[in-house]
Amino acid sequence: MATFLLDRTQRVKIGNEYSHSGHPNGGVPQGTLSGPKCFPVYINDLRTTVPLYKYVDDSTLFEICDRNDVSVIQESVDIAARWTEQNDMKINGKNQKK
């Protein structure tokens with residue numbers, strides 16, 4: 001599996017134009033049969049103080065609290081943000097509605 005993740009290149013296509021190829025330094029390739037199996041392994045060490053659901057290509061953390069409770073979700077967001085920086089990943093904070 002290590003060779004599957006090594007020496008990859010990627011580029012961006014907009015219309016009929018392509019960017020120069022680059023070498024990603026982390027992550028799991030999208031659009032592959034092995035990707036859905038690799039991503040959960042890749043993020044297996046991500047731990048937060050609130051519940052965390054890890055999906056095939058995504059993860060979600062959440063908190064349920066009563067009106068008078070003090071929220072602790074910001075602590076988990078900070079933990080996840082530090083983890084993504086340490087693992088060369090970026091958080092997509094946009095709500096992706098299809």
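1. In helix α3 of this predicted model, the buried residues include S76, A80, W83 and T84. These residues cover an arc of only 100 degrees around the axis, which puts them on the same side of α3.

2. What does the opposite face of the helix carry? The face of α3 turned away from its buried side carries E85 and Q86, and both of these residues are exposed.

3. The length of α3 can be checked by a short calculation. The helix has 14 residues, and at 1.5 Å a residue it should span 20 Å. The C-alpha atoms at its ends are 20 Å apart, so the expected span and the model agree.

4. S76 deserves separate attention. This residue lies in α3, which runs over residues 73-86. Is S76 buried or exposed? Its relative accessibility is 0%, and therefore S76 counts as buried, since the term requires a value under 20%. Which residues does S76 touch, leaving aside those up to four places away in sequence? The contacts of S76 are T48, T49, V50 and L61.

5. The backbone just beyond the helix should also be noted. Directly after α3, D88 adopts a positive phi of about 55 degrees.

6. Two remarks concern aromatic rings. A search of the whole structure for aromatic pairs finds zero. The ring of Y18 nevertheless has a charged neighbour: R11 lies over the face of Y18, at 4.0 Å from the ring centre. For this arrangement, the CZ atom of Arg must be within 6 Å of the ring centre.

How values were computed. Residues are numbered from 1 along each chain as its sequence is written. This is a predicted model: local features need pLDDT of at least 70, side-chain atom pairs count only at pLDDT 80 or more; totals for chains, interfaces and linings use all residues. Side-chain values use heavy atoms; hydrogens and water are left out. Rings of Phe, Tyr and Trp (its six-membered ring) pair if their centres lie within 6.5 Å; planes under 30 degrees apart count as stacked, over 60 as edge-to-face and the rest as tilted. A charge sits over a ring if NZ of Lys or CZ of Arg is within 6 Å of the ring centre and within 35 degrees of the ring normal. Helices (H or I, at least four residues) and strands (E, at least two) are DSSP runs, numbered from the N terminus. Buried means under 20% relative accessible area, exposed over 50%, partly exposed in between (1.4 Å probe, protein chains only). Contact means heavy atoms within 4.5 Å. The expected span of a helix is 1.5 Å times one less than its number of residues. The arc is that of the directions from the helix axis to the C-beta atoms.
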